[in-house]
Structure formats: structure tokens, C-alpha cells
Amino acid sequence: MAIRRIREMGDEILEKVCKEVPKMTLRTSVLIDDMLDTMYDAMGVGLAAPQVGILKRIVVIDVGAGPLVLINPEILETSGEQTGEEGCLSVPGKYGIVTRPEHVKFRALNEQMEEYEMEAEGLLARAVCHELDHLDGHLYVDKTEDGLHDVENGDDEA
Ligand code: ZN
């Protein structure tokens with residue numbers, strides 16, 4: 001268990017496409033534990049592997065309902081729309097207004113490499129979309145309606 005350094009916008013690793021995880025290894029298991037530690041330490045609600053410099057399709061999320069691990073995640077369905085503030089641990093001190101689906105159904109593998117499906121709404125749906133974008137090298141800053149704004153606190157960064 002360790003805190004890893006969070007890569008910030010401008011680091012080219014955040015613009016790369018991540019590779020699928022073929023099987024669980026000790027190294028990957030340690031990475032997931034470290035990602036959770038790093039996310040909680042930074043008071044974020046989500047973290048994707050490229051944010052700690054690893055190009056694997058792994059995301060951790062906790063919007064207050066306990067930790068979720070998403071390996072090789074895939075969005076199956078989206079519906080509705082929500083427009084609100086969004087931040088990112090890789091873009092510290094900033095937020096932007098981003099429109100996302102209100103509901104998302106996704107499929108992923110858990111830490112035991114067991115497949116599961118989950119329906120998410122609200123903040124969780126937003127976090128899933130935001131984190132999956134990271135796996136394809138996309139940051140929310142390209143989706144804001146009116147650019148970036150400064151924040152005083154670091155809550156809800158992902
Ligand atoms: Zn982010």
C-alpha cells in the first residue's frame with residue numbers, strides 16, 4: 001500500500017490509450033490497492049491508472065458508497081443528461097461545467113477478474129464516464145461548456 005504520484009495535465013501519459021488487463025497479477029493487485037490509497041489521500045472520488053502513470057484499463061471509484069474497482073470497463077447503455085461541475089485530480093484547483101449522461105449501465109471485471117454489470121446514476125454515472133475517458137487519453141477539459149474555473153477546495157475531483 002502506497003501513495004503514488006498523480007500525473008498532471010501536460011504529462012503526455014494522460015493522452016495515451018490504455019491496454020486491457022489480461023489477468024490479475026500481484027503487480028496489478030498492488031497497483032489497485034495503491035490507486036485506492038492515492039485516491040483517498042487526494043480526497044478524490046475516482047482515479048484511473050494512467051493518472052498514476054500506468055497505461056492499464058483500471059479505474060477505482062468511491063462516491064461515498066464504498067470502493068469500486070473497474071477493470072477493462074465498458075459502457076453498455078447511457079440515458080438522460082446531467083450538467084454540472086466536474087474536476088480532476090490531474091487538473092488540480094480547477095473545475096468546469098460538463099454535461100454527462102444521467103444514467104449509465106456498464107460492465108467491468110472486479111479485482112478477482114469476475115465480470116459484473118452495474119447501473120449508475122448521478123455522481124456515480126458522471127465518475128464512470130470521466131474515468132473511462134482517462135483510459136482513452138481524454139481529459140474533461142475538452143468537454144467543458146465555458147472553460148476552466150478556479151476552486152477553493154479540492155472536493156469531488158476525479
Ligand atoms: Zn480525472
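How many bridges join strand β2 to strand β3, and do the two run parallel or antiparallel? The legends below, which describe close-up views of a predicted model, begin with this pair.

**View 1. The strands β2, β3 and β6.** Strand β2, made of residues 58-61, runs antiparallel to strand β3, made of residues 68-79, and four bridges join the two. Six residues lie between the strands in the hairpin of β2 and β3, and among them G64 takes a positive phi near 110 degrees. Strand β3 is also joined by six bridges to strand β6 (residues 103-109), and this pairing is antiparallel. Residue I71 of β3 can be followed across both pairings, since I71 is the bridge partner of I58, while in β6 the bridge partner of I71 is L109.

**View 2. The zinc ion and its donor residues.** The zinc ion is coordinated by the SG atom of C88 and by the NE2 atoms of H130 and H134, at 2.0 to 2.3 Å. Along the sequence these donor residues follow the spacing C-x41-H-x3-H. C88 and H134 link distant parts of the chain, being 46 residues apart, with C88 in the loop between β4 (82-86) and β5 (94-100) and H134 in helix α2 (residues 122-135). Both C88 and H134 are buried.

**View 3. The surroundings of C18.** C18 belongs to the segment before α1 (26-41), and C18 counts as buried because its relative accessible area is 6%, below the 20% cut-off. Although C18 and L135 are 117 residues apart in sequence, their C-alpha atoms are 5.2 Å apart in space. Apart from neighbours within four places in sequence, C18 is in contact with P50, I54, L55, K56, R57, H134 and L135, and of these H134 is also a donor to the zinc ion.

**View 4. R57 and its polar contact with D136.** R57 is found in the loop between β1 and β2, and it is buried because its relative accessible area of 12% falls under the limit of 20%. The side chain of R57 makes a polar contact with the side chain of D136, at 3.2 Å. When neighbours within four places in sequence are set aside, the residues in contact with R57 include V17, C18, K19, E20 and V21, as well as L70, I71, N72 and P73, together with L135 and D136.

**View 5. The largest nonpolar core and a second, separate core.** The largest nonpolar core has 18 residues, and those with the most contacts inside it are V59, I61, L70, V104, F106, L124 and V128. Two or more residues of this core come from each of β2, β3, β6, β7 (115-121) and α2, and α2 gives the most, with seven residues. V104, not counting residues up to four places away in sequence, touches I75, E77, T78, M118, E119, A120, A125, V128 and C129. A second, separate core has 16 residues, including V21, I32, M39 and I58.

**View 6. Helix α1 and what covers its buried residues.** The 16 residues of α1 should span 22 Å at 1.5 Å a residue, and its end C-alpha atoms are 22 Å apart, so the expected and computed values agree. The buried residues of α1 are T28, L31, I32, D34, M35, L36, D37, T38 and M39, and what covers them includes β1 (46-48), β2 and β3. Just after α1, M43 takes a positive phi of about 60 degrees.

Terms used
Residues are numbered from 1 along each chain as its sequence is written. This is a predicted model: local features need pLDDT of at least 70, side-chain atom pairs count only at pLDDT 80 or more; totals for chains, interfaces and linings use all residues. Side-chain values use heavy atoms; hydrogens and water are left out. Two strands pair if DSSP finds at least two bridges between them. Donors are N, O and S atoms within 2.8 Å of the metal (3.2 Å for Na, K and Ca); water is not among the atoms, so sites may look incomplete. Buried means under 20% relative accessible area, exposed over 50%, partly exposed in between (1.4 Å probe, protein chains only). Contact means heavy atoms within 4.5 Å. A nonpolar core is a set of buried Ala, Val, Leu, Ile, Met, Phe, Trp, Tyr and Cys residues joined through side-chain atoms within 4.5 Å. The expected span of a helix is 1.5 Å times one less than its number of residues. A polar contact is a pair of N or O atoms within 3.5 Å; within protein, one must be able to donate a hydrogen and the other to accept it, and residues adjacent in sequence count only if both atoms are side-chain atoms.
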